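Thanks for asking me to look this one over. Please have the sequence and the 3D view open side by side while you read my comments.

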Amino acid sequence: MIPQPTAQQALPDETFTLPSDATIGLDDSSAQDPAQAIADRFAAQLRRSTGFALPVQQGTGTITLSTSGPESLGAEGYDLRADASGVTVTAATAEGLFRGVTTLRQLLPAKAEADTEQEGPWEIAGTRISDSPRYGYRGVMLDVSRHFFTVEQVKHFIDLVSLYKINRLHLHLSDDQGWRIQVDSWPRLTEYGGSLQVGGGTGGSYTKADYADLVQYAAEHYITVVPEIDTPGHTNAALASYPELNKGDQAPELYTETEVGFSSFAIDKDVTYEFLDDVFREVAEQTPGELLHLGGDEAHSTPHSEYLAFVPKAAELVVKHGKRVMGWHEIADGPLPAGTVVQYWGTEDAKAQVLAQKAVEQGATLVLSPANRAYLDMKYHEETPLGLQWAGLVSVEQSYSWNPATLVPNVPASAIDGVEAPLWTETLDDLEKVEFMVFPRLPGIAELGWSPESALDWATYRDRLAEQGPRWEVLGVNFYRAPEIDWR
Ligand code: TNX
């Protein structure tokens with residue numbers, strides 16, 4: 001199983017077998033609609049693969065899903081028991097129930113994930129699990145700017161990442177190559193700024209309805225969307241759309257190559273902040289999550305003194321619209337508003353570590369995305385046909401074998417919110433390529449974010465990862481069959 005639960009105990013003489021007349025009971029004292037939706041979705045999938053009727057009923061069933069558990073389980077925690085008499089999943093919240101059902105799906109045979117009827121038996125080895133996460137932020141980032149991904153594609157991505165208890169989806173919505181979210185007050189951002197993508201092909205963007213649809217779909221998978229509008233660099237698409245945002249009022253051409261660090265907003269113009277006020281307001285209005293990411297990375301063509309003047313002003317606008325600031329670690333060189341989350345993307349280099357420490361000294365918390373470990377766009381090995389390698393080659397073992405608590409020296413455990421695996425898409429123009437880079441590395445990052453430190457062990461992880469192979473085959477995932485894993 002991935003992530004490894006906090007506590008699991010085998011019940012050696014017990015096996016649960018799903019009978020053809022099984023029922024799914026929903027024991028939901030607070031009658032939460034979301035719990036009903038979780039039960040319905042789970043039942044629908046099992047009906048497809050087993051061909052059983054699997055009615056969902058109130059009270060107990062062959063499989064009982066309960067949100068009547070004690071508060072002590074925490075928001076994402078759950079208990080699960082499978083024995084010869086049935087299965088129960090107990091949580092205190094719908095969110096915890098969702099995580100528990102995610103575990104139950106992994107306990108069932110891989111073919112339970114199929115969308116056509118399969119042969120049983122549908123057995124689970126007797127087990128007792130008590131589980132809750134190590135960190136509250138377990139994220140994945142999808143760069144929809146370098147290459148655009150449609151709502152349907154992002155939904156499929158959500159389906160897959162939610163299998164590993166990921167709970168944040170960071171959408172990198174703007175960059176030099178494309179602006180991907182509708183902003184009513186600045187319509188050319190998408191009409192023009194979103195029209196292309198890397199390589200010069202047709203780009204795309206999300207309407208407000210599209211974005212709302214994604215936010216809703218993510219929420220149904222207990223994933224919160226963290227939107228990123230990258231500033232003050234990585235802004236060519238915006239600069240190309242509105243000449244007034246440029247230093248010399250001269251709009252550049254749209255850009256479809258993959259250099260970084262050449263674009264910058266005009267830091268000393270009022271219109272820059274009027275623009276960001278509008279953009280952050282419209283994005284914040286549509287975002288139920290508490291974080292809004294303002295980028296701040298690789299602003300190589302913004303003079304540093306101007307960068308230091310810019311970030312607090314941009315951050316203030318995020319706060320004005322009711323969101324907490326998130327930004328790449330460069331933003332920590334200046335003052336940060338209370339509640340800021342700093343995303344560390346260093347490669348264990350001193351400069352990045354100093355900035356992370358500076359963030360924590362100011363009271364900010366950290367999300368860890370070390371590029372030489374957690375970047376899903378790095379090649380696995382020299383011959384990987386996709387991806388980049390500026391942060392080194394990142395094998396499956398390399399991506400798994402690090403400790404979030406000690407990655408940045410001299411930072412207290414309480415300052416770590418969790419981990420995030422970013423997927424930049426300069427070299428990835430379709431979902432198959434995305435899947436190839438994400439699987440099998442993302443489950444390892446998800447485990448680092450969920451499982452207790454004592455459970456983290458490459459030798460046993462390798463075996464558990466091998467068991468995911470048949471699941472991905474059933475789901476049609478184009479995963480990389482890393483040779484260091486003995487795939488089943
Ligand atoms: C650096 S890491 C970037 C991105 C690139 C990525 C490619 C970071 C915050 N910025 O603009 O896409 O490298 O790996």
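The points below go from the sheet to the domain contact and then to one of the helices.

1. Please keep in mind that this is a predicted model. The domain assignment splits the chain into domain 1, residues 7–131, and domain 2, residues 137–475.

2. A good place to begin is the open sheet, which is built from seven strands with mixed pairing. Reading across, the order is β1-β7-β5-β6-β4-β2-β3. At the edges sit β1 (7–17) and β3 (56–58), each of which has a pairing partner on one side only. From one strand to the next, the twist averages 20 degrees.

3. Helix α1, residues 33–50, packs on this sheet and touches β2 (24–27), β3 and β4 (63–66). The direction of α1 makes about 145 degrees with that of β3.

4. Next, follow the antiparallel pairs. Strand β5 (residues 78–83) and strand β6 (residues 86–91) are joined by six bridges in the antiparallel sense, and here Ala82 stands opposite Val87 of β6. β5 also pairs with β7, again antiparallel, over five bridges; in that pairing Leu80 faces Ile129 of β7.

5. Which residue of β7 is the bridge partner of Gln8? The partner is Ile129, the residue that also stands opposite Leu80. The pairing of β1 with strand β7 (residues 123–131) is antiparallel and runs over seven bridges.

6. Now to the two domains, whose C-alpha centres lie 33 Å apart. Their contact takes 20 residues from domain 1 and 17 residues from domain 2. Between them the domains bury about 1600 Å², with 52% of that area on carbon and sulfur atoms. Arg41, Arg99 and Gln106 supply 33% of the area that domain 1 buries against domain 2, more than any other three residues.

7. How many salt bridges are there between domain 1 and domain 2? The count is three. Arg41 is worth selecting in your viewer: besides its share in the buried area, Arg41 forms a salt bridge with Glu220, with the closest N and O atoms 2.5 Å apart.

8. Finally, take a look at helix α14, residues 458–466. Its buried residues are Trp458, Tyr461, Arg464, Leu465 and Ala466. They pack against α11 (396–400), α13 (442–450) and α15 (468–475). As a reminder for reading such a list, an α-helix has 3.6 residues a turn, so residues three or four places apart point the same way.

Key: Residues numbered from 1 in each chain as written. Predicted model: local features only at pLDDT ≥ 70, side-chain atom pairs only at ≥ 80, totals over all residues. Heavy atoms only, no water. Pairing = 2+ DSSP bridges. Helix = DSSP H or I, 4+ residues; strand = E, 2+ residues; numbered from the N terminus. Axes fitted to C-alpha atoms, helices over the stretch in contact; angles between N-to-C directions. Contact = heavy atoms within 4.5 Å. Buried < 20%, exposed > 50% of the residue type's maximum accessible area, 1.4 Å probe, protein only. Domains from an automatic or database assignment. Buried area = accessible area lost by both parts, 1.4 Å probe. Salt bridge = Lys/Arg side-chain N within 4 Å of Asp/Glu carboxyl O.
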